[in-house]
Amino acid sequence: MYSAMAGRCLAQLVAGKTVPDLPIFNIELPHEGWKTPFRRLGQWGLYQLYQYRDERK
């Protein structure tokens with residue numbers, strides 16, 4: 001859903017139209033204490049694991 005919405009907003013920007021202000025894209029992710037800086041690292045690690053599993057099959 002987010003990819004489709006982002007594509008639509010990008011197309012509107014390219015066409016010179018105004019893009020609606022959507023609050024979901026303007027809010028910051030909630031902070032979870034000491035785990036917050038490692039969120040992207042964990043995401044990267046899971047992507048690598050899933051890619052490894054896909055290639056192994």
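Visitor: Which residues form the nonpolar patch on the surface?
Guide: In this predicted model, Leu46, Tyr47, Leu49, Tyr50 and Tyr52 form the patch, with about 530 Å² of accessible area together. Patch members have over 30% relative accessible area and no salt bridge, and nonpolar side chains (Val, Leu, Ile, Met, Phe, Trp, Tyr) are joined within 5 Å. A salt bridge puts a side-chain nitrogen of Lys or Arg within 4 Å of a carboxyl oxygen of Asp or Glu. Areas are Shrake-Rupley values with a 1.4 Å probe.

Visitor: Where is tyrosine 50 placed?
Guide: In helix α2, residues 39–56; helices are DSSP runs (H or I, at least four residues).

Visitor: Buried or exposed?
Guide: Tyrosine 50 is partly exposed, at 43% relative accessible area; buried means under 20%, exposed over 50%.

Visitor: How much of the chain is buried?
Guide: Buried residues are 4% of the 57.

Visitor: Any caveats on the numbers?
Guide: Local features need pLDDT of at least 70, side-chain atom pairs 80 or more, while totals for chains, interfaces and linings use all residues. Residues are numbered from 1 along each chain, and side-chain values use heavy atoms, without hydrogens or water.

Note on methods. Patches are made of residues with over 30% relative accessible area and no salt bridge: like charges are joined within 9 Å, nonpolar side chains (Val, Leu, Ile, Met, Phe, Trp, Tyr) within 5 Å. Helices (H or I, at least four residues) and strands (E, at least two) are DSSP runs, numbered from the N terminus. Buried means under 20% relative accessible area, exposed over 50%, partly exposed in between (1.4 Å probe, protein chains only).
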